[in-house]
Amino acid sequence: MEHAILGAGAVGGLVGTAFASLGEAVTVLVRPESLPDYPANLSAERSSGAITAPAKVADTLTNPVDMLWIATKTYQLQSALESVQSLPRYIVPLLNGVDHIEFLRARFGRDRVLPATIAVEAERIAPGRFLQRSPFVNLNLAASGEPVLGPVVARLRDLGFTCKFIQNEQTLLWSKLCFLGPLALATSASGMNKGEVYADAEWKHKLISAMTEACAMAKASGAEVEPAQIQTIYDGLPSGIRSSMQKDLAAGRPLELDAIGGPIVRGGERYGIDVSTAAALIVAIRAKAA
């Protein structure tokens with residue numbers, strides 16, 4: 001299949017490199033000013049070994065492709081889509097949060113958008129060069145995409161990706177948000193990595209409380225998410241892991257605070273659920289960012 005990657009940062013770059021290394025046709029969409037110097041080969045450094053493969057580079061997508069993988073920051077999505085001037089067969093968004101799905105379906109059509117989530121700690125270390133820090137890459141996709149994506153996703157497993165197709169879209173989307181949201185809020189507000197948060201009783205309580213609030217919101221939205229399962233995942237995370245929001249805050253970059261924390265707080269207001277811990281963490285992060 002032909003794949004295009006919109007948002008060639010850490011996540012998009014890693015996914016694009018993986019597909020290219022499997023022999024798939026990959027086009028990386030970059031800003032016009034980045035086009036002349038962008039390398040012809042993508043590379044990703046991983047604990048299991050480096051992977052390198054050639055890919056096309058373009059600043060606009062003018063020809064139809066089978067799959068458009070979107071891995072921009074949520075606040076970049078609308079402007080980034082200006083470079084998509086053809087209608088992809090399918091769109092697979094890997095963005096944080098839940099609200100982007102309906103936005104993309106309104107633009108491209110409901111059946112073209114195949115929701116997905118990815119969990120990995122990765123960085124872009126140079127144009128076309130990426131570093132996977134976490135030992136895992138967990139890629140979950142809506143079951144509606146399995147007839148199309150099943151064969152290529154199976155090949156990603158050969159690269160060590162853990163891939164699952166999830167029947168309930170709300171479960172798919174909220175499972176990541178219930179995991180990522182509280183971790184991003186707690187690490188960003190505290191300035192601590194996961195191990196430091198766990199070693200501090202007060203901050204660990206805030207993390208678990210915010211996660212419990214997010215799970216309550218998920219259930220109100222029709223998702224099947226269990227707090228005990230997410231805490232088990234937290235328990236097994238490497239101590240040194242940091243959230244991307246925490247890294248963005250430390251570097252003075254824009255934050256995905258609304259996409260990651262907003263659905264929890266807005267949902268709490270909508271359904272009358274106590275989300276005071278998450279709301280307080282958001283306030284603290286906004287103060288630090290200011």
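This section describes side-chain contacts and one strand pairing in a predicted model.

Salt bridges were examined across the whole structure, which holds 16 of them. One of these joins K73 to D248, with the closest N and O atoms 3.1 Å apart. The pair links distant parts of the chain: K73 lies in the loop between β6 (67–70) and α2 (77–80), whereas D248 belongs to helix α9 (residues 244–251), and 175 residues separate the two. The partners also differ in their exposure class, since K73 is partly exposed at a relative accessible area of 22%, while D248 is buried at 6% relative accessibility.

A salt bridge is also formed between K206 and E202, whose closest N and O atoms are 3.6 Å apart. Both residues lie in helix α7 (residues 201–220), and because they are four residues apart, about one helical turn separates them. K206 counts as partly exposed, with a relative accessibility of 26%. Salt bridges with shared partners further connect K73, D248, R253 and E256 into one network. In addition, E102 forms a salt bridge with R110, at a distance of 3.7 Å between the closest N and O atoms; E102 is partly exposed, at 48% relative accessibility.

Charged side chains also occur over aromatic rings. The charged end of K206, the residue that forms a salt bridge with E202, sits over the ring of W203 at 4.1 Å from its centre. Similarly, K194 lies over the face of Y198, at 4.4 Å from the ring centre.

Contacts between aromatic rings were considered next, and two aromatic pairs were found. In the pair formed by F19 and W69, the ring centres are 5.0 Å apart and the planes meet at 45°, so the arrangement is classed as tilted. Because F19 lies in helix α1 (residues 10–21) and W69 in strand β6, this pair ties together parts of the chain that are 50 residues apart in sequence. Both F19 and W69 are buried. The rings of F179 and Y234 have their centres 5.6 Å apart and their planes at 35°, so this pair is likewise tilted. It links distant parts of the chain, with F179 in helix α5 (residues 169–190) and Y234 in helix α8 (residues 227–236), 55 residues apart. Both F179 and Y234 are buried.

Cysteine residues were then examined for covalent links. A disulfide is a covalent bond between the sulfur atoms of two cysteines. A search of the whole structure found zero disulfides. For C178, the closest cysteine sulfur is that of C215, at 4.0 Å, which is too far for a bond, given that a disulfide requires the two sulfur atoms to lie within 2.5 Å. The closest cysteine sulfur to that of C215 is, in turn, the one in C178. Both residues fall in the buried class: C178 has a relative accessibility of 0%, and C215 has a relative accessible area of 1%.

Finally, the pairing of strands β9 and β10 was analysed. Strand β9 (residues 122–126) and strand β10 (residues 129–132) run antiparallel and are joined by four bridges. Within this pairing, E123 stands opposite L131 in β10. The two strands form a hairpin with two residues between them, and G128 in the turn has a positive phi of about 80°.

Notes:
Residues are numbered from 1 along each chain as its sequence is written. This is a predicted model: local features need pLDDT of at least 70, side-chain atom pairs count only at pLDDT 80 or more; totals for chains, interfaces and linings use all residues. Side-chain values use heavy atoms; hydrogens and water are left out. Two strands pair if DSSP finds at least two bridges between them. A salt bridge is a side-chain nitrogen of Lys or Arg within 4 Å of a carboxyl oxygen of Asp or Glu. Buried means under 20% relative accessible area, exposed over 50%, partly exposed in between (1.4 Å probe, protein chains only). Rings of Phe, Tyr and Trp (its six-membered ring) pair if their centres lie within 6.5 Å; planes under 30 degrees apart count as stacked, over 60 as edge-to-face and the rest as tilted. A charge sits over a ring if NZ of Lys or CZ of Arg is within 6 Å of the ring centre and within 35 degrees of the ring normal.
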